[in-house]
Amino acid sequence: MKTEELIRVLSAEASTRRSAPEPVLYLAALLSVVVAGALLTMTMGVRPAFSAALGDVRFLFKFVVTIAVGLSAFVLVRRALNPVSSETLPLAVLLVGPAILAVGVGVELWALPSAGRSMAATGKNSLLCLTVIPALGIVPLGLILGALRLGAPTRPGLAGFCAGVLAGGIAATFYAANCSDDSPLFVATWYPLAIGVLAVLGAALGHRFARW
Amino acid sequence: VGQSGIDAEDIVQETLLAIHVKRHTWRDDSPVTPWLYAIARYKLADAFRRQGRRPEVTIDAIAETAAAPQTESAMQWEVDRALGKLAPGQRAVVAALAVDGQSISETATNLGMKETAVRVAFHRGLAAITARLGRRP
């Protein structure tokens, strides 16, 4: 790059004022929740007898897990916005959701007779789960990656991965309101796959578009 | 940086530009220096990554490890050992012809032999050495 070009870019940049990336990320996350929620209600809606299910521990447990996944990913994405904190991303935070889920799986294995286990894990909606969660999460992923681009992630691929998990967490939270498979065995089998799709996509997109 | 084929000035420029473009990512409640260093580190790492994808090594950098052309030559002790195993007559002929580089007629005169006898002795001497060392002279 020639010095004249540098000066030209600098002067062109000088007029644009960008806001701090954190508020933009909060806004993107909020919009993601709204979009995913609207998309679900417009298409599939929550499942029948939703309010009755609110008394079911296994139904509520799904939300504990997916919200934990989303929150832990949110913490990482927020750290990734800043070049200093982006250098040390405590990825172990992402294990909080799976750890909670593992406890649920343990309880479920103890409670279920062994004959019912594989049926509970396979469920009735596995294909739906694998398509709906990525579908609900794709717009949130775009929004979050947009906020990430405004920041300065020093590891764009990893930051994109976290953005994918965050989008997946939001999407899974809403999908869980529709899905009638409440067993932690089903959640442990299919949700990670569905969220993983978004995470891998996020990593690839982040690697490409979040570098600066 | 200087030795590795990456232009330090390029990185300085990229870093300055990034500091400018990403200035909104600095939080005014945090110190500036770590933020500046983080950007510089990222730009340096980025330059190395880009170079790693398309490595460039100048020939000067590997010239030392490249083999120099070697002239094939026998060590003195090798010559001595080869000659030492020969019969005295053959040794004198082979030493005169192959080592000292005399001609056949000179050798014949010096040793008081016929030229044919010199040729035969030379041939047999070389054959004996070849047989012992297991390769062609």
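Which residues in H5(A) meet which residues in H9(A)? In this predicted model, the H5(A) side of the contact is made by A:Leu101, A:Gly104, A:Val105, A:Glu108 and A:Leu109, and these meet A:Pro184, A:Leu185, A:Val187 and A:Ala188 in H9(A). Sorted by class, the contact of H5(A) with H9(A) has seven nonpolar residues, together with one polar and one charged residue.

The geometry behind this contact can be described in two terms, since two packed helices are described by the angle between their axes and the distance between the axes. Helix H5 of chain A spans residues 96–111 and helix H9 of chain A spans residues 184–209, and their axes come within 8 Å and cross at roughly 135 degrees. That crossing angle makes H5(A) oblique to H9(A), because an angle has to be over 145 degrees to count as roughly antiparallel.

From helix packing we turn to the aromatic rings, for which the count comes to six aromatic pairs over all chains. One of them is formed by A:Phe59 and A:Phe63, whose ring centres are 5.1 Å apart and whose planes stand at 80 degrees, so the pair is edge-to-face, given that planes over 60 degrees apart fall into that class. Both residues lie in helix H4 of chain A (residues 57–80), where A:Phe59 and A:Phe63 are four residues apart, which is about one turn of the helix. A:Phe59 is buried, with a relative accessible area of 0%, and A:Phe63 also counts as buried, at 16% relative accessibility, because the cut-off for burial is under 20%. A:Phe59 and A:Phe63 belong, with A:Phe50, to one aromatic cluster.

Another aromatic pair, that of A:Trp212 and B:Tyr42, is stacked, with 4.2 Å from centre to centre and 20 degrees between the planes. A:Trp212 lies in the segment after H9 of chain A, whereas B:Tyr42 lies in helix H2 of chain B (residues 32–53), so the pair joins two chains. Both partners fall under the burial cut-off, as A:Trp212 is buried with a relative accessible area of 15% and B:Tyr42 counts as buried at 2% relative accessibility.

Finally, the confidence values belong beside this reading of the model. Chain B averages a pLDDT of 80, and 83% of its residues score at least 70, while for the complex the predictor gives an ipTM of 0.79 and a pTM of 0.72.

Conventions. Residues numbered from 1 in each chain as written. Chains lettered and ligands numbered in written order. Predicted model: local features only at pLDDT ≥ 70, side-chain atom pairs only at ≥ 80, totals over all residues. Heavy atoms only, no water. Axes fitted to C-alpha atoms, helices over the stretch in contact; angles between N-to-C directions. Parallel < 35°, antiparallel > 145°, perpendicular 65-115°, else oblique. Contact = heavy atoms within 4.5 Å. Nonpolar A, V, L, I, M, F, W, Y, C, P; charged D, E, K, R; others polar. Phe/Tyr/Trp six-rings, centres within 6.5 Å; stacked < 30°, edge-to-face > 60°. Buried < 20%, exposed > 50% of the residue type's maximum accessible area, 1.4 Å probe, protein only. pLDDT = per-residue confidence, 0-100.
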